[in-house]
Amino acid sequence: GVARGLCDAVGGEVTVVQLDAHADLRDRYLDDPFSHACTARRLLDDPRVAQVCQLGVRSICPEEVAYARAHAARVRTWYVEDVHAGSWRDELEARLAGRRVFVTIDVDALDPGIVPATGTPEPDGMTWLETLDVLRLVARTATVVGIDCVELAPRPGQHAADYAAAKVVYKAIAYAMAARA
């Protein structure tokens, strides 16, 4: 729904930049095509979603790998090892140049040492600086038309993850606004 609304609002295509530990490219999960494990796949059902660029992925199934390979023009996945190595920058910049972008931040993209309070944590996530580096490049290269942040699962008495999630959203908005100035 968000992607359709953004495409309607901007009058055309949108590229999605997805920071996530999971590819979310399954056609169905537990027989549900609208499961959280199918989000990126459902985005790509709309032809106005030009592409989904995923960073930080470290959990992916064979079906998702096959789908990404079969749709390489519209799906690009950089695994967390790629992010750690910095090998994503040039291609992401080329894919985003001059485009309108929706940034979706699943907090499980970050290392669980930064955001442990999430429903599906995965070890060895993106560092804080890597996450900000991606957000800066996106804001500098493309026009950010929307941002969301999902999958925070607050734990009573443990507020570090809540703060980190709020701070990453603040930073993403600040970078996008600064790029427009």
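Let's start inside the protein: a search of the whole structure turns up one cavity of 30 Å³ or more. The model is a predicted one, so please read what follows as a description of that prediction. The largest cavity holds about 30 Å³ of space. Its lining is made by Val103, Leu135, Val138, Ala139, Val144, Ile147, Ala172 and Ala176. Where do at least two lining residues each come from? The answer is α6 (128-141), β5 and α7 (160-180). Of these, α6 gives the largest share of the lining, with three residues.

Now let's go to the beginning of the chain and look at helix α1, which spans residues 2-10. Which residues of this helix are buried? They are Ala3, Leu6 and Cys7. These residues lie on the same side of α1 because they cover an arc of only 100° around the axis. If you turn to the face pointing away from that buried side, you will find the exposed residues Arg4, Asp8 and Ala9. Here, buried means under 20% relative accessible area, and exposed means over 50%.

What covers the buried residues of α1? The cover includes four strands and a helix that you can pick out in the viewer: β1 (14-19), β2 (49-57), β4 (100-106) and β5 (143-150), along with α2 (39-45). You have already met β5 as a supplier of residues to the cavity lining. Just after α1 ends, Gly11 takes a positive phi of about 75°.

From there, move on to β1. This strand is mostly covered, with six of its six residues buried. Are its faces covered or open? Both faces of β1 are covered. On one side sit Val14, Val16 and Gln18, and on the other Thr15, Val17 and Leu19, all of them buried.

The neighbours of β1 in the pairing are worth tracing too. Strands β1 and β2 run parallel and are joined by six bridges. Strands β1 and β4 also run parallel, with five bridges joining them. Thr15 is a handy residue for following both pairings. In β2, its bridge partner is Gln51, while in β4 Thr15 stands opposite Val101.

Finally, follow the path that links two of these strands. Together, β1, α2 and β2 make a right-handed β-α-β unit. Both α2 and β2 are also among the elements that cover the buried residues of α1, which brings us back to the helix near the beginning of our walk.

Note on methods. Residues numbered from 1 in each chain as written. Predicted model: local features only at pLDDT ≥ 70, side-chain atom pairs only at ≥ 80, totals over all residues. Heavy atoms only, no water. Buried < 20%, exposed > 50% of the residue type's maximum accessible area, 1.4 Å probe, protein only. Arc of directions from axis to C-beta. Contact = heavy atoms within 4.5 Å. Pairing = 2+ DSSP bridges. Right-handed = clockwise from strand over helix to strand, strands pointing away. 1 Å grid on protein atoms, 1.4 Å probe; cavity = no way out; pocket = protein on both sides within 12 Å on 5 of 7 lines; lining within 4 Å. Points joined across faces, edges and corners; volume = space filled by probe spheres on them.
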